[in-house]
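This report examines one protein model with a bound ligand. Please have the sequence and the coordinates at hand while reading.

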Amino acid sequence: MSLHKEFLIIQPRDHFWVDIYHLMNSIVQPRPIAWISSVSRDGVHNLSPFSYFNICSMNPPIVSNSIFFNRDGSEKDTLRNIKATRNYVVGAVSHETAPKANLTSAPFGPDVDEFVEAGVQFMDRGPGLPRFIAESPVQLVCELRQTVPLGEGAGVGTLVLGEVKEIHLSRGLNPDGWRKGIPPHLLDNVGRMGADYYARTTDIFQMERPVVKK
Ligand SMILES: Cc1cc2nc3c(=O)[nH]c(=O)nc-3n(C[C@H](O)[C@H](O)[C@H](O)COP(=O)(O)O)c2cc1C
């Protein structure tokens, strides 16, 4: 089989980045979604979803997410807030809260409280601290470790690495057995796919890790 006959070869540098963005989003999927609560230096609270999100180290736990510049090249409020206060909270997005998480992705101005705008319940933690997202059963309290700028301008991301200082688990998750993890059906997390598609975790299966016999 000749690779050139059976595969279409796309070289990103020859194409408009938005086309590559749509293609890559449909390939790297489903992606977990971080619902990020942050606060500006002036005390304006912000809430937005980010699906270029993952765990990248575990001792201590560090989570990564990549925040793009806006199409006009300006910084997104979340990135500006995290850089300014170095604190943020990551919540999980369930099937039930997905529509509200989507609402918080609207391009509200920096002076708009997106919790209020999207009708998301919150718990205040005091002046200068990002709120907890009351509608999310998990809150990861993160402290900024490092930002890694990957360039500047539309379509360019800044990698944000945050150390998870506290993990708050809702009693509704029966968290006493947390050392074995939370059963997936209790979280009902959604994943982001390409275009406007999302995935649920309702069709799951198990596989044991292979062992090499000695
Ligand atoms: C499910 C979902 C996932 C998203 N993931 C990202 C992402 O990983 N990085 C990013 O820069 N924007 C992402 N966005 C877009 C931001 O949520 C959107 O730009 C938001 O307005 C940023 O808000 P802010 O300026 O208040 O920080 C995503 C949007 C949705 C709906």
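The sections below treat the sheets, the helix that packs on them, the nonpolar core and the ligand shell of this predicted model.

## The seven-stranded sheet

Seven strands form an open sheet in the order β3-β2-β6-β9-β10-β5-β4, and the pairing is antiparallel. The edges are occupied by β3 and β4, each of which pairs on one side only. On average, neighbouring strands of this sheet are turned by 35 degrees against each other, direction ignored.

Several of the pairings can be followed residue by residue. Strands β9 and β10 run antiparallel and are joined by 11 bridges; within β10, V164 stands opposite C142. On the way to the β4 edge, β10 is joined to β5 by seven bridges, again in the antiparallel sense, and here E163 of β10 stands opposite I62. Strand β4 (residues 53-58) then pairs with β5 over five antiparallel bridges. In that pairing F53 stands opposite N65 of β5, and the two strands form a hairpin with two residues between them.

## The three-stranded sheet

A further open sheet consists of three strands in the order β1-β11-β12, with antiparallel pairing. Its edge strands are β1 (31-32) and β12 (198-200), each pairing on one side only. Strand β11 (residues 190-192) is joined to β12 by three antiparallel bridges. One bridge partnership is that of R192 with Y198, which lies in β12.

## Helix α3 across the strands

Helix α3 lies across β2, β3, β5, β6, β9 and β10, and runs at about 55 degrees to β2. Its buried residues pack against these strands, with β10 spanning residues 157-169. Which residues of α3 are buried? They are D77, T78, L79, N81 and I82. The helix is followed by R86, whose phi is positive, near 65 degrees.

## The largest nonpolar core

The largest nonpolar core contains 25 residues, of which W35, V89, V90, L140 and C142 touch the most other members. Two or more residues are given to this core by each of β2 (34-39), β3, β5, α3, β6 (87-91) and β9 (138-149). The largest share, four residues, comes from β9.

The surroundings of V90 illustrate the packing. Leaving aside residues up to four places away in sequence, V90 touches A34, W35, I36, V63, L140 and C142. Among these contacts, W35, L140 and C142 are themselves listed with V90 as the members that touch the most others. C142 also has a place in the strand pairing described above, standing opposite V164 in β10.

## The shell around the ligand

There are 17 residues around the ligand, and Y52, F68, D77, T78 and S105 come nearest. The elements that supply two or more residues to this shell are β3 (45-50), β5 (61-68) and α3 (77-85). Which element gives the most to the shell? It is β3, with four residues. By character, the shell divides into seven nonpolar, seven polar and three charged residues.

Some parts of the shell recur in the preceding sections. D77 and T78, which are among the residues nearest the ligand, are also buried residues of α3. The elements β3, β5 and α3, each giving two or more residues to the shell, likewise each give two or more residues to the largest nonpolar core. Of these, β3 is also an edge strand of the seven-stranded sheet.

Conventions:
Residues numbered from 1 in each chain as written. Predicted model: local features only at pLDDT ≥ 70, side-chain atom pairs only at ≥ 80, totals over all residues. Near = placed C-beta within 6 Å. Nonpolar A, V, L, I, M, F, W, Y, C, P; charged D, E, K, R; others polar. Pairing = 2+ DSSP bridges. Core = buried A, V, L, I, M, F, W, Y, C linked by C-beta atoms within 7 Å. Buried ≥ 20, exposed ≤ 12 C-beta atoms within 10 Å, placed from the backbone. Contact = placed C-beta atoms within 7 Å. Axes fitted to C-alpha atoms, helices over the stretch in contact; angles between N-to-C directions.
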